[in-house]
Amino acid sequence: VEYLLQRRFPFATHGRDNLAHLHPYFDYDNKAFGNVAIRHLAARGRRNIAVILPPLHQNYGMNMYEGVTETGAALGVLVRPCDRITSDSSVAEVAGRIREILSMDPTIDAIVTASPTGCMAAAEAAEAMGRHIGFDIDIYGKEAIPFLKLFRREILVLHENVGKAGEFLAHAVLKAIAEPQAPPMQGLDTPTFDTQP
């Protein structure tokens, strides 16, 4: 990004970086996703929530971490980021770690995930431990392509609209080419509590 900015090359990013205020971007608000996920789960009576976060060295990982922990603290809900796994971990790693976590603390009543594969792995692990999704445990995820409900209809899902992102980014790049001195187009897709999973 710094290289492109220095050379005044027109571009846009899908996601925000440390220089996002200087260039066009479109991003999904992962802090808001974390907030909405914990609020929905708390409204369903969930009090002990495990969270499979994106890597924390990435902006969206820190954004989601802030969303889940701040909202959990505000609502008096225990939010526990999973150690040793991230949303980038393999299905086997996620499933194995979730089985361990549920064995150590059977009072966990919800799992929030940042990726569809993590969501499916968490669901498989919970079921392997004798848990029933939508009854004694909720699994909450986000996806860009709607298929998680085909996997398990009880999974709670927020949809990330990548078509909207792609259209916005195409317009942002064209504007950056046509009007290099104009303020950059910047967009943020922010889920709300009214967005039903």
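## A tour from helix H2 to the loops

Select helix H2 and helix H3 to begin: Asn30, Lys31, Phe33, Gly34, Asn35, Ile38, Arg39 and Ala42 of H2 are in contact with Tyr60, Asn63, Met64, Glu66, Gly67, Val68, Glu70, Thr71, Gly72 and Leu75 of H3, where contact means heavy atoms within 4.5 Å. The model is a predicted one, in which local features need pLDDT of at least 70 and side-chain atom pairs count only at pLDDT 80 or more, while totals for chains, interfaces and linings use all residues. Residues are numbered from 1 along each chain as its sequence is written, and side-chain values use heavy atoms, with hydrogens and water left out. Helices (H or I, at least four residues) and strands (E, at least two) are DSSP runs, numbered from the N terminus.

**Helices H2 and H3**

With both helices still selected, H3 covering residues 59–75, look along their axes, which come within 7 Å and cross at roughly 35°; axes here are lines fitted to C-alpha atoms, for helices over the stretch in contact, and angles run from 0 to 180 degrees between N-to-C directions. H2 passes H3 in a right-handed crossing, a term for the near helix being turned clockwise from the far one by less than a right angle, with anticlockwise giving left-handed. Colouring the contact by class shows seven nonpolar, seven polar and four charged residues, where Ala, Val, Leu, Ile, Met, Phe, Trp, Tyr, Cys and Pro count as nonpolar, Asp, Glu, Lys and Arg as charged, and the others, Gly among them, as polar.

**From Phe33 to Tyr140 and Thr113**

Stay on Phe33 and add Tyr140, since the two form a tilted aromatic pair with 6.1 Å centre to centre and 50° between the planes. Rings of Phe, Tyr and Trp (its six-membered ring) pair if their centres lie within 6.5 Å, and planes under 30 degrees apart count as stacked, over 60 as edge-to-face and the rest as tilted. Because Phe33 lies in H2 (residues 30–43) and Tyr140 in strand S6 (residues 138–143), the pair ties together parts that are 107 residues apart in sequence. Phe33 is buried, with a relative accessible area of 0%, and Tyr140 is likewise buried at 0%; buried means under 20% relative accessible area, exposed over 50% and partly exposed in between (1.4 Å probe, protein chains only).

Next select Thr113, which lies in strand S5 (residues 110–113) and counts as buried at 0% relative accessibility. Leaving aside its neighbours within four places in sequence, Thr113 is in contact with Phe33, Ile52, Met64, Gly118, Cys119, Ala122, Tyr140, Gly141 and Lys142.

**Helices H4 and H5**

Move to H4 (residues 91–104) and H5 (residues 116–128), which pack at an angle of about 40° with their axes 8 Å apart. That angle makes H4 oblique to H5, the word for angles outside the ranges under 35 degrees (roughly parallel), over 145 (roughly antiparallel) and 65 to 115 (roughly perpendicular). The crossing of H4 and H5 is right-handed. On the H4 side, pick out Val91, Val94, Ala95, Ile98, Arg99 and Leu102, and on the H5 side Thr117, Gly118, Ala121, Ala122, Glu124, Ala125, Ala126 and Ala128, which together make the contact. By class, this contact has 10 nonpolar, two polar and two charged residues.

Within H5, centre on Ala126, which is buried, with a relative accessible area of 0%. Ala126 touches Leu102, Arg131, Ile137 and Ile139, not counting residues up to four places away in sequence. For a long span, draw a line between the C-alpha atoms of Ala126 and Arg16, which are 110 residues apart along the chain and separated by 33 Å.

**Phe26, Phe168 and Lys164**

The count of aromatic pairs comes to two. For the pair of Phe26 and Phe168, the ring centres are 5.1 Å apart and the planes at 45°, so the pair is tilted. Phe26 is in strand S2 (residues 25–28) and Phe168 in helix H7 (residues 162–178), 142 residues apart, and both residues are buried.

Still in H7, select Lys164, which at 41% relative accessibility counts as partly exposed. Lys164 touches Phe26 and Asp189, not counting residues up to four places away in sequence. The C-alpha atoms of Lys164 and Phe26 are 9.2 Å apart in space, with the two positions 138 residues apart in sequence.

**Two loop residues**

Finish with Arg8, in the loop between helix H1 (2–6) and strand S1 (13–14), where phi is near 55°, a positive value in a residue other than glycine. Arg8 is exposed, with a relative accessible area of 71%. Then go to Arg84, in the loop between strand S4 (78–81) and H4, whose phi is near 70°, again positive in a residue other than glycine; at 62% relative accessibility, Arg84 counts as exposed.
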